[in-house]
Amino acid sequence: MNKNVLLYAVIIIFGLAAPFVFPAFKVQLSILCVLIVLATTWNIQGGEMGYNTFGNILFYGLGMYLCASVQVGMFFPLAEWTESGGEKTFVHTPTQFFQGMAAGLVVAAVVPTIVAGLIGYAILGLRGHYFAICTLGLGVAAGEISGGIEIIGAGQGFTTPPFPNVGGLEARGEFFYFLSFGALVLTFIAVRAIYSTRFRLILNAIRDNEDKAEAMGIETMKYKIIGWMVSAFFCGLAGGIMGGLVGYIDSTDVAFDGREMGVFMVLMAILGGKGTLWGPVIGATAFHIFKEGFWTFFLGWQYVALGVLIVVIVIYFPEGIMGWLREKYPERFGEVVDEADRKAQVELK
Amino acid sequence: MVFQYPMITVQACLDGILLGILFALIAYGMALQWGVMNIINIAQGDLVILGGYIAYFMYLYGIHPAWGVIVSPIIMYFVGVGIYKLVINKVVDRDLFISILATFGISILFMQLMNFAFGADVVLANSGYGTTFLFDSAVVLPNSKIFSAFVSIVFAICLVIYMKKSKLGRAIRATAQNARAAKILGVDTEKVYAATFGLNAALCGVAGALISITFTIHPYMGLPYTIRSFMIVIVAGLGNLPGVAMSGMGLGVFEEFADYILGTEFRIGSVFLLLVLILVYRRFKLSRKREYLK
């Protein structure tokens with residue numbers, strides 16, 4: 001236990017000091033935080049519950065649009081804002097910007113949660129590949145439809161409010177870094193708390209055999225929806241932050257980007273190890289470092305590299321880094337088994 | 001609108017049916033590999049687009065693109081077998097999600113390679129077949145659409161006869177029923193799988209060549225074709241060929257109407273939404289009997 005406290009302390013201190021130690025990488029570190037949030041929340045479905053989804057991108061994109069819309073709409077007419085495009089006729093004062101951002105993030109987290117509850121009731125009754133394809137369809141449909149809605153910019157995109165001129169040149173990067181780092185810490189604490197309760201066991205039971213879980217008297221539907229809603233909450237939050245960070249929202253290339261972000265979150269969780277707490281964190285970090293380190297070498301060939309990477313990871317490395325570590329060093333990373341409990345089980349057989 | 005302008009309705013229905021026959025051809029390939037190998041191929045649509053580019057290049061080099069209907073499946077057969085040998089044979093007996101994700105990777109790969117090789121322009125191969133006018137030229141049908149529907153039907157019939165009569169067809173059907181038993185009785189299932197995937201790719205090649213004549217092709221247009229064929233298969237069920245044809249036409253008509261009523265920008269979106277609605281409908285219908293889609 002002491003080791004763990006030390007580990008968390010080191011991570012927190014590193015996280016707080018990072019923007020001042022590596023000022024050039026602030027944006028990259030913020031994106032890394034968002035990626036970890038997305039991978040961790042995907043893991044609730046894909047890893048723990050066994051419901052492989054491509055649809056979490058829906059909440060991410062929804063959060064992105066909602067946050068920006070609220071931030072603009074609280075003070076100015078939304079339609080005129082999007083119509084003016086890049087040329088800004090309205091300027092947020094610092095107070096307006098931060099108030100709008102706070103309200104926007106709340107909305108961006110809450111509305112996707114409700115949406116997840118409603119959609120979840122409809123589609124979580126599907127299983128396996130039907131669920132996967134259905135969520136894939138939802139993500140693409142959301143992108144196509146939002147690309148046709150005028151008030152949020154339709155095809156030409158939506159520029160989020162620029163950061164107000166306060167606190168010097170570095171302020172924007174630091175603000176978004178701490179925002180995303182805060183979201184990351186919040187997500188990790190929440191997910192860790194969830195995983196230490198009976199809820200995780202129920203999710204695992206659903207993954208291992210849903211019919212049996214139901215026969216044992218677990219209301220599987222209820223727990224599936226709750227798990228999906230937890231995911232949606234943090235996905236929406238991450239989306240809202242990312243929208244502000246990127247500064248520009250496009251329906252299919254930024255918000256509902258199933259081809260990039262939607263696949264990334266699946267890939268990161270699988271790379272790190274499905275169904276573990278630390279797997280997605282490690283996977284996202286490794287993936288992001290790989291991506292940022294090597295993407296420039298593949299100039300123009302990124303998607304080819306991504307396709308090859310997906311195939312290789314899925315076919316040759318489905319257990320992920322955590323799974324590999326568990327196999328290699330079971331005494332350090334393996335499941336903790338109570339010795340007496342294990343003996344009792346063996347004797348029973 | 002449907003009753004105010006009856007000619008538009010007729011036009012949309014005819015367009016939809018001709019289009020739907022093409023979709024049904026792609027969906028038949030999907031059903032084939034799903035039934036035999038138990039994999040879902042997200043790269044299906046990209047195989048279609050690749051087949052289309054083969055016909056388009058024949059057109060660029062001065063050969064009539066209709067010959068693509070013959071050439072494209074032959075090339076695509078070998079592409080399909082190649083993909084099988086490289087990737088698919090490692091995912092055949094594993095979890096379905098693994099196959100979905102692996103083929104998703106292939107799909108992204110193909111999309112980008114085609115983008116490099118052929119450019120990001122929307123292209124079409126001009127067949128020069130002219131148009132047919134019906135009902136005092138109130139309904140306009142390009143002859144290429146009629147040609148493509150006709151070719152699709154011919155290919156579908158050939159394939160059905162081939163599956164019924166030939167030795168390989170019998171082996172494929174046996175493997176679909178029970179792979180292990182087929183193996184015991186001397187069927188080389190590995191070869192059967194490769195041939196099935198090759199056949200599927202060849203079907204995609206035919207469909208792609210026809211699409212390049214009748215509609216347009218673009219490297220990123222693959223995914224909607226995958227979703228359409230998946231939708232047709234789940235509505236019709238595996239191995240139900242008349243059902244595949246019917247639901248293909250139904251989908252075609254739906255799309256044409258969505259195009260007219262909602263506008264072209266919502267066309268693809270409405271296809272994807274329809275998929276979600278169909279799945280949700282079936283889920284609620286089955287959950288009354290405490291069952292689920294298998």
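Start by colouring chain B by pLDDT, the predictor's confidence in each residue, from 0 to 100: among the elements of chain B, strand E1 (residues 131-134) has the lowest mean, 70, and helix H8 (residues 189-214) the highest, 89. Helices (H or I, at least four residues) and strands (E, at least two) are DSSP runs numbered from the N terminus. Over the chain, pLDDT averages 84, and 95% of the residues score at least 70. This is a predicted model, in which local features need pLDDT of at least 70, side-chain atom pairs count only at pLDDT 80 or more, and totals for chains, interfaces and linings use all residues. Residues are numbered from 1 along each chain as its sequence is written, while chains are lettered from A and ligands numbered from 1 in the order in which they are written.

Next, select residues 241-262 of chain B, which form helix H10. Its buried residues (20 or more other C-beta atoms within 10 Å of their own, with C-beta atoms placed from the backbone) include Val244(B), Met249(B), Leu251(B) and Glu255(B). Show helices H1 (6-37), H9 (222-236) and H11 (267-287) of chain B as well, since the buried residues of H10(B) pack against them. Step on to Gly263(B), which follows H10(B) and has a positive phi, near 110 degrees.

Finally, bring in chain A. The contact (C-beta atoms, placed from the backbone, within 7 Å) takes 35 residues from chain B and 32 residues from chain A. On the side of chain B that touches chain A, helix H4 (96-118), H9 and H11 of chain B each give two or more residues, and H4(B) gives the most, with 14 residues. For the complex, the predictor gives an ipTM of 0.83 and a pTM of 0.86.

Note on methods:
Expected span 1.5 Å × (residues − 1). Buried ≥ 20, exposed ≤ 12 C-beta atoms within 10 Å, placed from the backbone. Contact = placed C-beta atoms within 7 Å.
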